[in-house]
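Q: I have a model on screen and want to learn to read its features. Where do we begin?

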Amino acid sequence: MTCPQCAADNPPGAAFCAHCGASLPTPLESDSPLASTGPEDRPGPPDVVWPLSPGVVLDGRFGIGRRLGEGPVGVVWLARDRELQGKELALKVWRPELVPDVRARLIDGIIRCQTLSHSGVVKIFNLRRHGDLWFHTQAYVPGVSLDRVLAERREAGHAFSVGETARVVIGILDILQSAHGTTPHLGLKPQNVMVLGQFPEVEIKLTDFAVSGGASTPETLDGEAAPYLAPEQRAGIGRAEGDEPGVPAGPAADLFATGVMMSEMLTGHPPQAPAESPSTPAPGLSPGIDAVVARALDPDPTRRFATAGQFRHALAQAALAAVEAEMTARRQAEARQKKIAPVEPPREEPERPRVDKDQGRPPVRPPAKPGRKKILVRAGAALVLAMAVAAAVAGYVAWDDYRTKRNVKRWTTQAAAAWKHKKFRRARHLYLRLAEVRPDDRAVRVRLASAEAKIKDLSARTAPLIARANRARKQKTLSAARDHLHQALKIDPHHPAALNSLAAVKADQKRIMGWLQAAEAAWRQKKYQTARELYLKVAGLSQDHPVLQKRLALIAARQRHRPEKLARLAAVAQKALADKDPAAAKAVFQRILKLDSGHQGARQGLARIAEMDKRVAAGLERADRLWQDKKYGPARKLYLQVLDLDSKQGLARKRAAAAGRRLAADGQRIKDLLARGGKALANKDLAAAKAAYGQALTLDPGHQTARRALERIAAAEKKIAARERAHAKKVAAALTAGRAALARRRLARAKDHFQRAMGLAPNHQVAARALTKIRRLEARVGRRLKQAATALEQKDWGRADDFLKQAVALDAENKIAARLRRRWRAAVARLDQVTQAARRLQSRGQFHAALVEYQKAAALAPHDPSVAAKLNRLKMDMQNKKARALDRAARLIAAEKWAQAARAAEVVLKLDPKSGEGYALRGTANLEREKFHDALADFDRALTQGLPAGRRAGVHYERCFALFRLARFRRAVRACGRAIKLAPRRAAYYRARAAIYRRLKKNRAAARDMARYKSLRRRR
């Protein structure tokens, strides 16, 4: 039985759910969609309303169970697939408010995700739609998400170790390395990482591949996913439609999210800033781990790891180095503890009195001695084992000594070379290693102290020079800073701070040289503004360059009087443009560029003049073609437009005047043609009007009245053609809809469509033939419905079903057929209900009740041969069982087995509650068992049933005996009298009544019955 609250399975007959404690419905009143039903009476899918609840069935197949989680896209439920025998799967129902764009991206992501074949990717089965709800199903992973593991570790107060973190992150990277060839995840967060098993043997799986990232919008972005989004993802989500596209999010975004989760596992919380390393909140981590996380969290995607495999390799190496460093530190700490551990003096145990071992003990039988061969085998094995152990120990000791000597030799040589070349810091590092291996070597300690003293002395001598160099850099005197650093490096050639500062000074000088070269080139090209900007950049880094101040002064002197001259020339050029003289303006702008090649106004003016020249040349070319084609109106218009741009064009002026004269000559004829076209339009003669206006347009192609008239005529022709096409489309649509409805056997709809087609086209032959066919089909459907109604009245459900099927096959939407089908279904359901009740009663042994139900079924379906056969079979079975039970009861009574006889009689009564013989037999058994009241009741019931006269006399006699034993003598006399009346020649009846009369002290009547008894006995 399925719980309607949590969809959990419970044993049949349970009253409460074992999982959630909710009360379970009984089988007859259960209306849960998850309740098990047969294929015939299984209900259809209910109306699904958001939000869902446990117990709902989606698509008639997926039963909703408990809730697994919720996200920006939708809600995840545990569901059972009915078509796959209740297989558990995860079902994610999308939110109805998702916009179509987001839904399209989700569908595209699911299609791409289905191509992934890695075992660590949770498989998405299919995508479905139920009404207005979209959902997809995926494999159910019974694991724990990484966010829950992080929360438990956070509550416990300790983070992941380096080994555990590496195990989880390497599992994620393995999956990403396989999947990035097809699609990135783009929504990676701890909620999508499933952890199966226990540490250290865990298995990693990823869910929502290319699904959660596809719905990342400002509306659907949740707070849980925000810390794991890469900078390029956040920029893409927050970008408006008109903004420029940035760097697209790809596999590098998944590596960024993996780095955030790695930092969170090591520290207990996500990094506050992308540049924060795990060692900031959790000091003590190795620099290698810090470097790996820092590279994964770089804001620039190009500076992160190129692939997931590269990230995995770097992490594996860093984790291995961290574990080895941790083990080395632990061994060194244990060695130090052993060296400084205090030595305790040996304890003096008190002297114990000597006791004889054999005193007070019973004699022990010595064990049997092993054979000589066994002793030799054991001794040889022990010797070989001891030799192997000794060889292993000796080998390990020799290898360790060899390795130590080799390292000591190499480090000594390297330290001496470093000391010789004055690399005291390198020498100090090597002497520290030697001191760890050989702590008792005095020479090493002396060298180490000397290196420390040398480094301290060199630092003291170089510190003032480095400080002066830093001050010189701040004062923008790079040459002085470089000199100070050179002096410091002469004292200590390997000082790291001095080397770094000198590299920075050289880089600044290199940049300055590049800017100076670019400024000199701009100076030679007379681009003084560009040169000034470059010189100012040089001044921002260095003030001691010899050319800098001189060049800046010259630029200022040149630019002092130039703006006034440039302004005058610019005014002259603007006046030439206003006078429509682009040639003069072009010459002035060229003079301005000779004075200042970087003048933006002059460049813009020349560009404007070049555009005007292009427009003039194009206008002249088009106007010349129109002039040759004798299209004087458009040609004159173009010539005038050319003159508006350049008034110095003489040819354009001459051609415009000539076109005007020609247009005046053709004016009267054009007026006559326009009048003729207007009269034709008034008479609705579109062809004549079109010809007149066409001739007018031939004379003057640019005539607007004729052109507009022709456009109106074309629009009218289009309307007429469109009206005819629309009418034809309506007729075709009606015919298509009618054919489709007729193919689906929907006669009423098909008739409506064809009648509409006939209304649009009264003489349409196809619609007429279709209507004739529909009328014939309606007549056939009417005959079948009459036959079905007659069969329903006669309760012949089989024939009614056949006729209704034939009618529905002809007309699928007939209302009368649907009403008759409902009547037939109700009757068949009632018949099935009665038949099932009879079957249940028969299985329980209640044969008479089952017989009654089968009789009801026979009354409901008198023409059903199966019901009649079941009824006859039951009657025969009951008769046979009743006969066998009566025979057995009689034999048991003859054998005086009264209790068994009573049970056999009860079997008879179960088979036939109106069996008088059964009541009589049970009464006889109860009478012999001295259950006189029960026997009396059974005799009374037996007498009410139809028994033969002789058997009724015997029942009255036994009833008389029961009454006699209950001291009801008068009733006993009456019962005995009835028995005598039915069987007057039975002598025993008279003797029994005589005995009762004697009890009633009616001696005369007793004597009379005894006389009768003796008389009957003599006759025998």
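The dialogue below goes through sheets, hairpins, backbone angles, salt bridges and surface charge.

Q: What kind of model is this, and which residues count?
A: This is a predicted model: local features need pLDDT of at least 70, side-chain atom pairs count only at pLDDT 80 or more, and totals for chains, interfaces and linings use all residues. Residues are numbered from 1 along each chain as its sequence is written, and side-chain values use heavy atoms, with hydrogens and water left out.

Q: How are strands and helices assigned?
A: They are DSSP runs, numbered from the N terminus: helices are H or I with at least four residues, strands are E with at least two. Two strands pair if DSSP finds at least two bridges between them.

Q: In what order do the strands of the 6-strand sheet run?
A: The order is 1-2-3-4-6-5, in an open sheet with antiparallel pairing. Strand 1 and strand 5 are the edges; each has a single partner strand, so one side of each lacks a neighbour in the sheet.

Q: How many bridges join strand 1 and strand 2?
A: Strand 1 (residues 57-58) pairs with strand 2 (residues 62-70) over 2 bridges, in the antiparallel sense. Val57 stands opposite Gly63, and Leu58 has Phe62 as its bridge partner. The hairpin has 3 residues between the strands, and Asp59 there takes a positive phi near 60°.

Q: What follows strand 2 in that sheet order?
A: Strand 3 does. Strand 3 covers residues 74-81 and pairs antiparallel with strand 2 over 6 bridges. Gly69 stands opposite Val76. These two strands also form a hairpin, with 3 residues between them.

Q: How many residues lie between strand 5 and strand 6 in their hairpin?
A: There are 2 residues between them, and Gly131 in the turn has a positive phi of about 70°. Strand 5 (residues 124-130) and strand 6 (residues 133-139) pair antiparallel over 6 bridges. His130 has Leu133 as its bridge partner.

Q: Which strands make up the 3-strand sheet?
A: Its order is 7-8-9, again open and antiparallel. Strand 7 (144-145) and strand 9 (201-206) are the edges; each has a single partner strand, so one side of each has no neighbour in the sheet. Strand 8 (residues 193-198) pairs with strand 9 over 6 bridges. Met194 stands opposite Lys205 there.

Q: Why look at the sign of phi?
A: Because most residues other than glycine have a negative phi. Glu896 has a positive value near 60°. Glu896 lies in the loop between helix 27 (865-894) and helix 28 (898-911). Lys1001 also has a positive phi, about 60°, in the loop between helix 33 (987-999) and helix 34 (1003-1019).

Q: Are those two residues buried or exposed?
A: Buried means under 20% relative accessible area, exposed over 50%, partly exposed in between (1.4 Å probe, protein chains only). Glu896 is exposed at 56%. Lys1001 is exposed at 73%.

Q: How many salt bridges are there?
A: Side chains of opposite charge can pair when their charged atoms come close. The rule asks for a side-chain nitrogen of Lys or Arg within 4 Å of a carboxyl oxygen of Asp or Glu. By this rule the count is 32.

Q: What does the salt bridge of Asp81 and Arg61 tie together?
A: Their closest N and O atoms are 2.7 Å apart. Asp81 lies in strand 3 and Arg61 in the loop between strand 1 and strand 2, so the pair ties parts that are 20 residues apart in sequence. Both Asp81 and Arg61 are buried. Arg61, Asp81 and Glu83 are linked in a salt-bridge network.

Q: Which parts of the chain does the pair of Glu232 and Arg304 link?
A: The salt bridge of Glu232 and Arg304 has an N to O distance of 3.0 Å. Glu232 is in helix 4 (residues 231-238) and Arg304 in the loop between helix 6 (287-296) and helix 7 (308-340), 72 residues apart. Glu232 is buried at 8%, and Arg304 is buried at 2%.

Q: Where is Arg968 found?
A: Arg968 is in the loop between helix 31 (949-965) and helix 32 (969-982). Arg968 is partly exposed at 32% relative accessible area.
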